[in-house]
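Trainee: Could we go through this structure together, one question at a time, with the reasoning spelled out before each answer?

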Amino acid sequence: MYKEKTSLELIQTALKNWRGFFIQYEMALYEMESDFKIIDLEWKARFGYSPIEHLKTRMKTLQSLIQKIDKKNIPLTQESVKKHIKDIAGIRIVTSFIDDIYMLKKHIEEREDYRIIEIKDYIKDPKQSGYKSLHLIIETQIIVSNKVLWIPAEIQIRTSAMDFWASTEHKLNYKYQGKDIPKEAKDQLVELSKASYLLDLEMSTLRNQLLSSE
Ligand code: 0O2
């Protein structure tokens with residue numbers, strides 16, 4: 001038996017009554033933001049250097065969530081949305097160097113208040129568009145009324161060069177929304193992604209040379 005596909009309007013109406021559900025994700029975002037700000041302060045104090053250049057949190061927009069529920073064709077229940085959609089809460093951390101990304105990954109893996117569910121390494125295996133970033137699908141703890149809840153979230157970690165490419169590509173695609181961006185432009189974006197990765201690699205080489213000569 002086939003499940004009737006829920007219409008976008010029905011999804012929208014249902015989600016409007018889910019305030020209590022979304023609040024848990026907002027709480028998780030506050031926790032994560034403060035965790036990473038503490039890491040930044042601690043590493044600066046201990047080592048004089050922090051891998052975190054800057055960070056930004058975001059709640060998935062209702063429109064993007066509705067599209068994802070529709071695309072995945074999942075039941076419209078809080079349980080199923082929590083199980084199948086892991087990026088309602090998201091934090092993006094921007095670093096200066098590629099090594100910093102993996103240093104942060106290792107740190108997150110070692111923490112007891114984070115559980116890593118999935119690792120998507122789009123640096124080793126970039127997306128067809130040229131997109132590079134490390135995505136960690138995690139669960140993080142929040143304590144509400146003496147209860148410990150594990151809330152799913154996505155952590156995106158990337159260098160400034162990767163971040164510049166991704167935000168510019170996003171803007172270009174946004175401009176073309178509804179239409180397909182021309183193939184030549186897509187190819188050019190892939191080439192630009194490779195060029196910016198070279199910049200990342202050369203910066204890393206330079207940093208390693210300087211560190212080894214200290
Ligand atoms: P939003 O709501 O705008 O932030 P899955 O979660 O596994 O079912 P999904 O969502 O496609 O599948 O996961 P993916 O591709 O690992 O991560 C999606 C997010 O990565 C996007 O958020 C972007 O932030 C980023 N991303 C992925 N591919 C590209 C790309 O080609 N260009 C740019 N600029 N960013 C990309 P959303 O989905 O837009 O959600």
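**Strand, helix and ligand**

Mentor: At 40% relative accessibility, Glu118 counts as partly exposed, and the residue is found in strand S3. Please keep in mind throughout that this is a predicted model.

Trainee: How far apart in space are Glu118 and Ile88, C-alpha to C-alpha?

Mentor: Glu118 belongs to strand S3, and along the sequence 30 residues separate this position from Ile88. In space, the C-alpha to C-alpha distance between Glu118 and Ile88 is 15 Å.

Trainee: Does Asp121 count as buried or exposed?

Mentor: Asp121 also lies in strand S3, which covers residues 114-121. Buried means under 20% relative accessible area. Because the relative accessibility of Asp121 is 18%, the residue counts as buried.

Trainee: Which residue's side chain makes a polar contact with the side chain of Asp121?

Mentor: The side chain of Asp121 reaches the backbone nitrogen of Ile123 at 2.9 Å, but that partner is a backbone atom. The side-chain partner has its place in helix H5, residues 98-110, and is partly exposed with a relative accessible area of 23%. The contact between the two side chains is at 2.9 Å, and the residue is Tyr102.

Trainee: What distance separates the C-alpha atoms of Tyr102 and Glu118?

Mentor: Tyr102 is placed in helix H5, whereas Glu118 is found in strand S3. Along the chain the two are 16 residues apart, and their C-alpha atoms are separated by 15 Å.

Trainee: Turning to the ligand, which residue has a backbone N or O atom 3.0 Å from a nitrogen atom of the ligand?

Mentor: Two other short distances involve polar side-chain atoms and oxygen atoms of the ligand, with Lys60 at 2.7 Å and Ser129 at 2.6 Å. The backbone N or O atom that lies 3.0 Å from a ligand nitrogen belongs to Ala166.

Trainee: How much of the accessible area of the ligand does the protein cover?

Mentor: On its own, the ligand has 770 Å² of accessible area. Of this area, the protein covers 69%.

Trainee: Which elements give two or more residues to the shell around the ligand?

Mentor: The space taken by the ligand is the largest pocket, and 16 residues surround the ligand, with Ser64, Lys68, Tyr122, Lys127 and Ser129 the closest. Two or more residues of this shell come from each of helix H3 (62-72) and helix H6 (160-175).

Trainee: How many residues of that shell are charged?

Mentor: The shell also holds 3 nonpolar and 5 polar residues. The charged residues in the shell number 8.

Trainee: Which residue in the loop between H3 and helix H4 has a positive phi?

Mentor: Most residues other than glycine have a negative phi. The residue in question is partly exposed, with a relative accessible area of 31%, and its phi is near 50° although it is a residue other than glycine. Its place in the loop between H3 and helix H4 (78-84) identifies it as Asn73.

Trainee: What is the relative accessible area of Ser145?

Mentor: Ser145 has a positive phi of about 45° although it is not a glycine, and the residue is found in the loop between strand S4 (134-144) and strand S5 (147-159). Exposed means over 50% relative accessible area. Ser145 is therefore exposed, at 69%.

Key:
Residues are numbered from 1 along each chain as its sequence is written. This is a predicted model: local features need pLDDT of at least 70, side-chain atom pairs count only at pLDDT 80 or more; totals for chains, interfaces and linings use all residues. Side-chain values use heavy atoms; hydrogens and water are left out. A residue is near a molecule or strand if one of its heavy atoms lies within 4 Å of it. A polar contact is a pair of N or O atoms within 3.5 Å; within protein, one must be able to donate a hydrogen and the other to accept it, and residues adjacent in sequence count only if both atoms are side-chain atoms. Accessible areas come from the Shrake-Rupley method with a 1.4 Å probe; for residues, only the protein chains shown count as cover. On a 1 Å grid over the protein atoms alone, a cavity is a set of points where a 1.4 Å probe fits but cannot get out, and a pocket is an open set with protein on both sides within 12 Å along at least five of seven lines; lining residues have an atom within 4 Å of a point. A molecule sits in a cavity or pocket if more than half of its atoms lie within 2 Å of its grid points. Helices (H or I, at least four residues) and strands (E, at least two) are DSSP runs, numbered from the N terminus. Ala, Val, Leu, Ile, Met, Phe, Trp, Tyr, Cys and Pro count as nonpolar, Asp, Glu, Lys and Arg as charged, and the others, Gly among them, as polar. Buried means under 20% relative accessible area, exposed over 50%, partly exposed in between (1.4 Å probe, protein chains only).
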